Structure formats: C-alpha cells, structure tokens
Amino acid sequence: MNNYLDKIIATKPECIAVAKRKCSLPDVIAMCADAKPALPFAQSIKERNGIIAEFKRQSPSKGLIHGNITPPDVVPYYEEAGVSAVSVLTDQEFFGGTIADVRQASETLGIPVLRKEFIIDPYQVYEARANGASAILLIAAVLSRQQAQDLAGLAAEIGLEVLMELHGEDETNYTVEGVTVAGINNRNLRTFEVDLHHSIDVAHLLPTNLPKISESGIRTIDDMLMLRQGGFDGFLIGENFMKAEHPGKACISFCQQYKQALN
C-alpha cells in the first residue's frame with residue numbers, strides 16, 4: 001500500500017467520529033428515507049457512453065487542481081456531454097471535498113452520482129445514500145474480503161450500487177454479492193506507475209456479468225478505444241477534465257471526439 005493511501009486511511013476513523021458528532025448514525029439512517037431516489041448506475045454505464053466523469057478539487061499527488069469550483073459549476077456540463085455517471089470525491093483533507101458536494105451534484109443531475117471515498121465504516125454508506133448518492137466506491141486494497149462483503153451487502157440493502165475497485169489478480173475475489181460494477185485501477189499502489197495493459201489482463205479474470213470500468217491514467221481517445229477492445233465497458237476520468245480551465249466544456253469536447261471515433 002503506498003504512502004498516500006496509508007496516510008489517508010489513517011485519518012478516516014477520526015473523520016467518521018467528527019461526522020457522527022455532527023449527525024448521529026440514527027439520524028443519518030433516518031435521512032436515507034427522504035433522500036432522492038437512487039438512479040440505476042450499472043444500467044447507465046451500459047446505456048450511455050460509459051464515462052464516469054469525476055469532480056475533484058485537488059489530489060495528494062497533484063496538489064490543487066481546481067480549488068474554488070463547486071459541483072453546480074461543472075456537473076451539468078458532464079450530463080450534457082452524455083456521461084453515464086458523475087463521481088464526486090468527498091475526502092476533505094487530501095482531495096478538498098465534502099459530503100455536501102454529493103448532495104449538490106445529486107440535486108443538480110438526472111444521472112447517477114457515485115460517492116468516491118475511502119469507505120471503511122457503515123456510517124459512510126448510510127451517509128452516501130442520505131445525501132443522494134446512487135452508488136459508492138469500495139477499494140479492495142483497504143478492506144478485508146469480509147469487510148467488503150459486509151459493506152456491499154449494506155449498500156444493496158439501502159438501494160446503493162457498488163463499484164468495487166481492484167488493482168491486481170489477487171483481488172478478483174472481491175466481486176462479492178452487492179457489487180454491480182467492477183473497476184480496475186491502472187495505477188500501481190506501490191510504484192504509482194500506470195499500466196493500461198496490466199489492467200486488461202486483470203479484466204479477463206472478472207465475472208462476465210459485471211460491467212468493467214477502467215480507472216486512472218486515461219488521457220486520450222486512443223486509450224479508451226484500446227481499453228474497450230480489451231474488455232472494458234466504461235472509464236472513470238477526472239483529472240483530464242478538472243485540470244482544464246472549464247472542466248465541463250472539456251468533457252463535452254472529449255465526449256464528442258469519443259463518439260466520432262466509435263462511428
């Protein structure tokens with residue numbers, strides 16, 4: 001596990017404790033009943049262009065990307081571009097996000113919102129649904145298989161879909177019940193190098209009934225065409241859009257080029 005991931009996970013128990021002091025677990029559970037209905041995440045990946053466009057202000061490796069921007073400034077353009085879903089980073093210390101960003105995005109959009117967070121506790125699952133998320137990210141590298149089963153099962157119970165992020169062949173057994181989409185992160189957690197070909201090898205080992213998403217390091221239309229040939233149904237793209245002066249317009253242009261390349 002790389003240093004960034006270790007540092008981020010080490011902060012999570014205190015972050016969750018602070019959140020619980022602000023809004024107790026029973027209150028968050030009660031809020032789920034009044035949340036915006038979840039939208040079909042895996043289905044949207046199949047029916048739209050397969051792109052999950054990400055909203056994030058910064059990252060631990062790149063620093064500040066687009067610091068003062070808000071979801072309503074960006075995500076309506078993502079939907080206009082035809083993306084399948086929007087991923088919203090909610091880690092505050094390292095990515096500059098909050099759970100309120102999920103609520104804002106959900107209230108703005110007619111497509112699914114994925115809460116992208118380092119989820120280790122059931123509270124975070126309820127919190128995602130309470131704020132309008134349709135899906136959550138679970139990261140195999142930071143969970144035992146039993147934890148993954150428990151969190152994915154809870155998500156399914158409350159109407160959330162699960163994107164399970166994998167990094168290698170040793171994690172392919174994490175596609176547990178409740179997981180509706182499998183993601184493969186192209187970035188090696190130890191070296192931080194990106195290898196799109198390695199992820200293609202892993203994709204062939206996954207259940208054929210799950211849509212497969214490629215994550216990290218996707219910069220060009222040719223990257224996407226190669227990955228699609230390699231068995232991927234969709235792509236999570238963040239920095240490529242967020243680093244632009246106008247992320248939403250960058251996404252529209254990119255999606256138009258991708259559509260043309262497919263025709």
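In this predicted model, the buried residues of helix α1 pack against α5 and α7. Those buried positions are L5, I8, I9, T11, K12, I16 and A19. The helix spans residues 3–22. Its 20 residues reach 29 Å from the first C-alpha to the last, close to the 28 Å expected at 1.5 Å a residue. A kink of about 35 degrees is nevertheless present at K12, shortly before the proline P13. K12 thus belongs to two descriptions: the site of the kink and a member of the buried set of α1.

**Pockets**

Helix α1 also contributes to the lining of the two pockets described here, as the largest contributor to the largest pocket and to the second largest pocket. The table sets the two pockets side by side.

| Pocket | Volume | Lining residues | Lining by class | Residues from α1 |
|---|---|---|---|---|
| Largest | about 680 Å³ | 34 residues | 14 nonpolar, nine polar, eleven charged | three residues |
| Second largest | about 480 Å³ | 23 residues | ten nonpolar, six polar, seven charged | six residues |

In the largest pocket, K56, K116, N185, R187 and S216 are the lining residues that lie nearest the centre. The elements giving two or more residues to this lining are α1, β6 (135–139), β10 (234–237) and α11 (239–242).

In the second largest pocket, the residues nearest the centre are C15, A19, I99, R115 and E127. Here the elements that supply two or more lining residues are α1, α2 (25–32), α5 (92–95) and α7 (122–130). Helices α5 and α7 therefore appear in this lining, and the buried residues of α1 pack against these two helices. A19 in particular is a buried residue of α1 and lies among the residues nearest the centre of the second largest pocket.

**N185 and S216**

Two of the residues nearest the centre of the largest pocket, N185 and S216, can be described further. N185 lies in strand β8, which covers residues 179–185. With a relative accessibility of 11%, N185 counts as buried because this value is under the 20% cut-off. Beyond residues up to four places away in sequence, N185 touches E165, L166, H167, E215 and S216. The C-alpha atoms of N185 and S214 are 6.2 Å apart, although the two residues are separated by 29 positions in sequence.

S216 itself is in the loop between β9 (212–215) and α10. Its relative accessible area is 19%, so S216 is classed as buried, the limit being under 20%. The backbone of S216 has a positive phi of about 80 degrees, although the residue is not a glycine. Most residues other than glycine have a negative phi.

**D233**

D233 occupies the loop between α10 (221–229) and β10. At a relative accessible area of 30%, D233 is partly exposed, because this value falls between the limits of 20% and 50%. Leaving aside residues up to four places away in sequence, the contacts of D233 are I45, G50, L210, P211, K212 and R228. D233 and A17 are 37 Å apart, C-alpha to C-alpha, with a sequence separation of 216 residues.

Note on methods: Residues numbered from 1 in each chain as written. Predicted model: local features only at pLDDT ≥ 70, side-chain atom pairs only at ≥ 80, totals over all residues. Heavy atoms only, no water. 1 Å grid on protein atoms, 1.4 Å probe; cavity = no way out; pocket = protein on both sides within 12 Å on 5 of 7 lines; lining within 4 Å. Points joined across faces, edges and corners; volume = space filled by probe spheres on them. Helix = DSSP H or I, 4+ residues; strand = E, 2+ residues; numbered from the N terminus. Nonpolar A, V, L, I, M, F, W, Y, C, P; charged D, E, K, R; others polar. Expected span 1.5 Å × (residues − 1). Bend = angle between axes of the 7 residues up to and from the residue. Buried < 20%, exposed > 50% of the residue type's maximum accessible area, 1.4 Å probe, protein only. Contact = heavy atoms within 4.5 Å.
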